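Please open the model in a viewer and keep the sequence panel visible. The tour below proceeds by selection, one stop at a time.

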Amino acid sequence: MRKPRFTAAVGIILVLAIPAVMTVIAPTVDSVRATESPRHERGIDVPQADVSFAAVGDSMTAWVDEAGVSRGDRSWVNHIPAKHLHLVGGWAQGGAQTSLMMQNVTPVDADVLVIMAGTNDLGDQWGVPMQERLDHILAIAQTVGARHVVLSAIPPLDLAPQWSTEYNAVLQQFAATMGWSWVDPWVQLRAPDGHYINGLTPDGAHPTPAGFETVAQVLASAIRAASR
């Protein structure tokens, strides 16, 4: 089934515990209620509210190809559980730099915007200057206009792991400065030296389908948390 509104294309680079009180006086109804644990602490399911989100990024995010066909398990978006979390727009394209994302996004009525951007801006000689990347990301958020923003770390890059490591540090600080939520969904896929963990990438740039599933689970939690 085709996801809504925007196209995307494939690219390579892209407790509180209350003590019991003994008493010989029968408690009132109000006192019983006051000492009850929250419903989730008592094992009772608490209904989750529906949350709408938009996504902007490159091939990690692109949920359909140029023909509008789902990319299946090659996008974290397609691993997001459909129940309660609803994609309502955004823009993503394989190989896209932050400048192209900025040029193509449009306003979206969404609770949360997830931005995972900048892998294709990296490079010592051909890379986009850091301040320009941040300016583009800010412009993306301002244009989309979602009520909350989640800024995500970019994935490991086995070609030059220090590039993504250094950039993620800047992104985390930028999120704090802007008052946005920060999330690093790649922790379970990243080795201590900054490379992908063996077996979790087919090409050193993109994760395996199982890796995308892990990333989606972390992002789903971040989306829910940001919407509260």
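**First stop: a strand residue**

Select Ser52: its relative accessibility is 14%, so Ser52 counts as buried, where buried means under 20% relative accessible area, exposed over 50% and partly exposed in between, computed with a 1.4 Å probe on protein chains only. Ser52 belongs to strand S1. Helices (H or I, at least four residues) and strands (E, at least two) are DSSP runs, numbered from the N terminus.

The model is a predicted one, in which local features need pLDDT of at least 70 and side-chain atom pairs count only at pLDDT 80 or more, while totals for chains, interfaces and linings use all residues. Residues are numbered from 1 along each chain as its sequence is written, and side-chain values use heavy atoms, with hydrogens and water left out.

Display the surroundings of Ser52 next. Leaving aside neighbours within four places in sequence, Ser52 is in contact (heavy atoms within 4.5 Å) with His86, Val88, Asp109, Ala110, Asp111, Val112 and Arg147.

**Second stop: Val51**

Move to Val51, which is also found in strand S1. Its relative accessibility is 6%, and Val51 therefore counts as buried. Not counting residues up to four places away in sequence, Val51 touches His84, Leu85, His86, Asp111, Val112, Ile223 and Ser227. Draw a C-alpha to C-alpha distance from Val51 to Ala226: the two are 175 residues apart in sequence and 9.9 Å apart in space.

**Third stop: the whole of S1**

Extend the selection to residues 51-57, which make up strand S1. Which residues point to each side of S1? Val51, Phe53, Ala55 and Gly57 point one way, whereas Ser52, Ala54 and Val56 point the other way, and all are buried. The strand is accordingly listed as mostly covered, with seven of its seven residues buried.

**Fourth stop: the sheet**

Show the strands as a cartoon. Five strands form an open sheet in the order S2-S1-S3-S4-S5, and the pairing is parallel; two strands pair if DSSP finds at least two bridges between them. Strands S2 (85-92) and S5 (181-183) stand at the edges, each with a single partner strand, so one side of each has no neighbour in the sheet. On average, neighbouring strands of this sheet are turned by 25 degrees against each other, direction ignored.

Now inspect the partners of S1. Seven bridges join S1 to S2, and the two run parallel. Ala54 stands opposite Gly89 in S2, and Phe53 stands opposite Leu87 in S2. Towards S3, five bridges are present, again in a parallel arrangement, and here Phe53 stands opposite Val112. Although S2 is an edge strand, S2 is mostly covered, with six of its eight residues buried.

**Fifth stop: helices on the sheet**

Add helix H3 (residues 130-144) and helix H4 (residues 161-178). H3 lies across S1, strand S3 (112-116) and strand S4 (148-152), and runs at about 155 degrees to S3. H4 packs on the sheet, where H4 touches S4 and S5, and its direction makes about 155 degrees with that of S5. Axes are lines fitted to C-alpha atoms, for helices over the stretch in contact, and angles run from 0 to 180 degrees between N-to-C directions.

How do the two helices meet, and at what angle? H3 and H4 pack at an angle of about 45 degrees, with their axes 12 Å apart. They are therefore oblique to each other: angles under 35 degrees count as roughly parallel, over 145 as roughly antiparallel, 65 to 115 as roughly perpendicular and the rest as oblique. To see the contact, select Met130, Arg133, Leu134, Ile137 and Leu138 of H3 together with Tyr167, Val170, Leu171, Phe174 and Met178 of H4.

**Sixth stop: a loop residue**

Select Ala205, in the loop between S5 and helix H5 (209-227). At 6% relative accessibility, Ala205 counts as buried. Its C-alpha atom is separated by 9.2 Å from that of Thr119, and the two residues are 86 residues apart along the chain.

**Last stop: the full chain**

Zoom out to the entire protein, which contains five helices and five strands. From the N terminus on, its elements run α-β-β-α-β-α-β-α-β-α. Buried residues make up 46% of the 228 residues.
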